[in-house]
Each structure stands twice: as C-alpha cells, then as structure tokens.
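Here are a few friendly notes to read alongside the model. Please keep the structure open while you go through them.

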Amino acid sequence: PPRSTLFPYTTLFRSRAKIGTMVEARVPLSLQEGYHVNSNKPSDEYLIPLQLTWTKGVLEPAGVVFPKPRLEKYQFSPDKPLSVFSGSFELVAKFTVPATAVVGPAAMNGKLRYQACNNTMCLAPKNMDVAIQIDVVK
C-alpha cells in the first residue's frame with residue numbers, strides 16, 4: 001500500500017486577522033485516486049471520523065466546517081452506504097482572535113486524523129500535522 005494516501009496541498013496557510021475578529025483558514029486536501037476517508041460524521045460509530053484538532057495557541061479554535069459528504073456503497077458494505085470524502089476537498093478551520101492576542105506573526109499547529117480506505121481494505125489510521133500562520137494586526 002502507498003505510504004500516504006491523503007495529501008494536503010499545503011500544510012502552511014497565511015492570513016491576516018484583526019484582534020477581536022474571526023478568521024478562517026482553508027485546508028485543501030486531496031486523496032489518492034481510488035481511496036476515500038470517512039466523513040466527520042461516519043455512517044457507523046465504529047468507523048474512524050475525519051477530525052481536525054488544534055493545540056493551544058494564540059488563536060481560539062471556533063470550529064471546523066466540513067464539505068458535504070458523499071454517500072457511497074462499497075464491496076465490503078453493499079447494503080449500507082458510507083458517508084465519505086474522496087478526490088479533492090477542503091476543510092475550513094475557524095478561529096477567533098482574542099483581545100489578548102499580541103500583534104505580529106502567530107502560528108497554530110493541528111492534527112488531521114483520518115483512515116484511508118479503498119474498495120477492498122482500510123489502511124491504519126493516521127495523524128497528519130497541519131500548520132497555519134496568521135499575522136495578527138490591530
């Protein structure tokens with residue numbers, strides 16, 4: 001199997017954000033052809049959801065917007081469609097810039113957790129580092 005099946009177009013995002021506002025960071029992703037990942041709300045509770053989490057930093061995480069998943073049937077689940085993402089898609093991470101934020105460059109580090117599967121098997125779950133760079137302005 002391939003070493004990695006999910007590829008971020010970039011792990012570094014740059015943006016400007018004013019103190020006291022909300023900022024969005026777009027995280028574009030692309031899956032190797034023939035693979036899918038479970039959506040953030042998988043069809044069964046035993047399936048591993050796609051998750052994006054952030055370590056404590058200058059900005060305050062305010063949620064992640066996921067694309068609309070596709071319902072697809074596979075050989076291993078012919079009766080029940082699975083809620084998945086495949087191909088190229090984008091996550092949007094939202095952050096608030098607290099009043100206590102210091103003006104200047106700020107970094108937020110996160111982890112993307114996923115399990116890539118094809119039509120016949122699933123690979124081991126993985127964690128991928130994601131980083132964004134925000135220039136905090138007054």
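1. Which residue in β8 does Asn38 stand opposite? The partner is Val84. A little further along, His36 has Ser86 of β8 as its bridge partner. Both belong to the antiparallel pairing of β4 (residues 36-38) with β8 (residues 77-86), which runs over three bridges.

2. A word on the basis: this is a predicted model, where local features need pLDDT of at least 70, side-chain atom pairs count only at pLDDT 80 or more, and totals for chains, interfaces and linings use all residues. Residues are numbered from 1 along each chain as its sequence is written, and side-chain values use heavy atoms, leaving out hydrogens and water.

3. The strands (DSSP E runs of at least two residues, numbered from the N terminus) pair if DSSP finds at least two bridges between them. Four of them make an open antiparallel sheet in the order β7-β8-β4-β11. Its edges are β7 (70-74) and β11 (116-117), each pairing on one side only.

4. Look next at β7 and β8, which are antiparallel over four bridges. A hairpin of two residues connects them, and Tyr74 has Ser77 in β8 as its bridge partner.

5. Three aromatic pairs turn up in the whole structure (ring centres of Phe, Tyr or the six-membered ring of Trp within 6.5 Å; planes under 30 degrees apart are stacked, over 60 edge-to-face, the rest tilted). Phe66 and Phe85 are stacked because their centres are 6.5 Å apart and their planes at 5 degrees. Phe66 sits in the loop between β6 (60-65) and β7 and Phe85 in β8, so the pair ties together parts 19 residues apart in sequence.

6. Phe85 is buried (under 20% relative accessible area, 1.4 Å probe, protein chains only), at 3% relative accessibility. Together with Phe66 and Phe89, Phe85 forms one aromatic cluster.

Definitions and conventions. Buried means under 20% relative accessible area, exposed over 50%, partly exposed in between (1.4 Å probe, protein chains only).
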